[in-house]
Structure formats: C-alpha cells, structure tokens
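Here are some exercises to work through with the model open beside you. Try each task on your own before you read its solution.

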Amino acid sequence: MTSTPVRLQRREEVAHGTMAFHFDKPAGFAFKPGQAIDLILQDPAVAGTDSGRHAFSIVSAPHQDELVVATRMRDSAFKNALSRLPVGGAAAIEGPFGSLTLHNKQDRAAVLLAGGIGITPFMSMLQHAAHGALKQRLLLLYSNRRPEDSAFLAELQRLEGENPSFRLIATMTQMEASHLPWMGERGKIDEALLKRVTEGLANPVYYVAGPPAMVAGLRATLEQAGVDDDDIRSEDFYGY
Ligand SMILES: Cc1cc2nc3c(=O)[nH]c(=O)nc-3n(C[C@H](O)[C@H](O)[C@H](O)COP(=O)(O)OP(=O)(O)OC[C@H]3O[C@@H](n4cnc5c(N)ncnc54)[C@H](O)[C@@H]3O)c2cc1C
C-alpha cells in the first residue's frame, strides 16, 4: 500500500484525555463510513518503527473535506510523538481498510455498541446517515464511565435531533466519580437494557467497537441476549 502525505489542520479535546486530530483530506481519497487508516508519523523518535504507525477509525464522514481521527492520549511512544506534531506538521496515511461498514439492506436496523473510544467508526456512519437523510433505523448504545469521558456526546445529541431514524442511548458506569449532571441510563450495557431498547426493531444487525476487553464483554452480552453470532460484527482496537 502506498502512503499519502497529510497535514495536521487542528486538534481539539473531545473528552477528558481524548483528542481529535483534523488532517486535510488528500484529493480523491475515498472511504466508507466505518473504515480505518494507518497514521504514520515522521517524528525522529518513532519514524520507521512499529511505534511510528497506528490504525485509527475515521471519525469524519466521506462528504466532509477533512480526515478526523480521535484517540485516548496515553504515555506511549506513538502518542507522545502525536502530541508533538505541530499544526501544519506533516504525517502520512495508508488505507482505507476494514470491513466494519453498514450492511446494505436498509430495512434491517443497525444497533451500534460503542465502549469508550469505540465510538469513532460510528461517528462516521452517523454523520453520513444524517447528511444523506438515510431512512435506515440506527440505534447507538454508548457506554462510558462518566459524561466527562464521553467523546462527541454533544455532537451525537445534535445528530439525534437532526435524524429521526437515529436514537442515542448513552449510559454511564461511574457517575459517583462525575461532577456533571446526568439524566440518562446508568450501568453497563446488559441483557435487560438491550432487550428494552431494541424492542420492535426489525431483525437488527449488531456492530461492536472498542478496546478488546470491552468488545469481548459486549459480544458476550449480545450472545447472552440470544443474538445470533452471524448478526454481530466487531472491531478490536488492539493496544488498550
Ligand atoms: C482497525 C482499527 C481501528 C482503530 N481505531 C482506533 C481509534 O479510532 N481510536 C483509538 O484510540 N485507537 C484505535 N485503534 C487502536 C490504535 O491503533 C492503538 O493500538 C491504540 O490507540 C493504543 O495505542 P498506544 O500508543 O496507546 O499503545 P501502544 O504502545 O501502541 O500499545 C500498548 C500495548 O498493546 C500492544 N499492542 C499494540 N498493538 C497491538 C496489536 N495490533 N495486537 C496486539 N497487541 C498490540 C503493544 O505491544 C503494547 O504492549 C484502532 C485499531 C484498529 C486495528
């Protein structure tokens, strides 16, 4: 795969310790919502090593003129180098790749399960659906410890207001550690919550994304709730 140069346009904090990086989109770069890219850094501390390249789901939608990725910032060689990348600084991308893309049959609903930073591929799908006024029923279950940790929560609430086919269920597992008010669901995504919120949805396909332990937990919850394995698609964000 050949790599394509990109430049950082801006960065912003999208949740506690979580940053979004906005790159210019190379001319002719095409992708499907839910796909990922490899981001390759030229910082001398990591260039040419495995630590100089990481996979990221694309947060932005295909109609937008930028490529956005988001990540939990940690003390790793790659993320330290990414922190040092100045606005206007050069990096490269390879891709797109990945098959966590929405099924074609629009009469089947999509139930999206995101644990923490696993929200990234779904942001692209949901922005794409709102932009194209797609009729497909989309339900997002988004689990975080606190509202402070929930990347893109306000954006998701806005998308829910824009798209009558999209419903957002956010749930917080550690509100006792939060300073913000919260009127929504609390606790982990479990069988009871799943059954309650998916009632009436026509033959849904389930999508799960996030750190491997979360994906394994959410898959187990789905299987316990009787969802057929064939109807579950997932993406592990290795390294967490
Ligand atoms: C398709 C795809 C999409 C992704 N999208 C996102 C995203 O949108 N946002 C995001 O934050 N992260 C995403 N990730 C994960 C991301 O690529 C990094 O692995 C993650 O951010 C951890 O990086 P780090 O620098 O913090 O840790 P690192 O220092 O890179 O890794 C921490 C530990 O994990 C181990 N490890 C690293 N990679 C692997 C691997 N492939 N298999 C097994 N062990 C491994 C390392 O050996 C190390 O011990 C995605 C991964 C994939 C494959």
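Before we start, one term: contact here means heavy atoms within 4.5 Å. Also keep in mind that this is a predicted model.

**Exercise 1. Find the two domains.**

Task: Where does the domain assignment place domain 1 and domain 2?

Solution. Step one: go to residues 4-97, which the assignment calls domain 1. Step two: move on to 110-236, which it gives as domain 2. Step three: look at the spacing; the C-alpha centres of domain 1 and domain 2 are 24 Å apart.

**Exercise 2. Sort out the antiparallel sheet.**

Task: Work out the strand order of the open sheet with antiparallel pairing, and say which strands stand at its edges.

Solution. Step one: walk across the six strands, and you get β4-β3-β6-β1-β2-β5. Step two: check the ends of that order. β4 (53-57) and β5 (66-72) each have a single partner strand, so one side of each has no neighbour in the sheet. Step three: look at the twist. On average, neighbouring strands of this sheet are turned by 40° against each other, direction ignored.

**Exercise 3. Follow β1 and its partners.**

Task: Which residues stand opposite E12, L8 and P5?

Solution. Step one: take β1 (residues 4-15) and β2 (residues 18-24), which pair in the antiparallel sense over six bridges. Step two: pick out residue pairs. E12 stands opposite A20 in β2, and L8 has F23 of β2 as its bridge partner. Step three: look at the turn. β1 and β2 make a hairpin with two residues between them, and G17 in the turn has a positive phi of about 70°. Step four: switch to β6 (residues 90-97), which pairs with β1 in the antiparallel sense over four bridges. There, P5 stands opposite A92 in β6.

**Exercise 4. Place a helix on the antiparallel sheet.**

Task: Which strands does α1 lie across?

Solution. Step one: find α1 at residues 77-84. Step two: list the strands under the helix: β1, β2, β3 (36-41), β4 and β5. Step three: compare directions; α1 runs at about 75° to β3.

**Exercise 5. Read the parallel sheet and its helices.**

Task: Give the strand order of the open sheet with parallel pairing, then place α2 and α5.

Solution. Step one: the six strands come in the order β10-β9-β8-β7-β11-β12. Step two: β10 (185-186) and β12 (232-236) are the edge strands, each pairing on one side only. Step three: zoom in on one edge. β9 (residues 166-172) and β10 pair in the parallel sense over two bridges, with M172 and R186 of β10 as bridge partners. Step four: add the helices. α2 (residues 120-131) lies across β7 (110-115), β8 (138-144), β9 and β11 (205-210), at about 140° to β7. α5 (residues 212-224) packs on the sheet too, touching β7, β11 and β12, and its direction makes about 165° with that of β12.

**Exercise 6. Describe the domain interface.**

Task: How many residues of domain 1 and domain 2 are in contact, and how much area do the domains bury between them?

Solution. Step one: count the contacts. 19 residues of domain 1 are in contact with 18 residues of domain 2. Step two: the buried area is about 1,400 Å², 61% of it on carbon and sulfur atoms. Step three: check the polar side. There are zero salt bridges between the domains, but seven residue pairs are in polar contact. Step four: ask who supplies domain 1's side. β1, β2 and β5 each give at least two residues, and the largest share, three residues, comes from β5.

Terms used:
Residues numbered from 1 in each chain as written. Predicted model: local features only at pLDDT ≥ 70, side-chain atom pairs only at ≥ 80, totals over all residues. Heavy atoms only, no water. Pairing = 2+ DSSP bridges. Axes fitted to C-alpha atoms, helices over the stretch in contact; angles between N-to-C directions. Domains from an automatic or database assignment. Buried area = accessible area lost by both parts, 1.4 Å probe. Salt bridge = Lys/Arg side-chain N within 4 Å of Asp/Glu carboxyl O. Polar contact = N/O pair within 3.5 Å; in protein donor to acceptor, adjacent residues only side chain to side chain.
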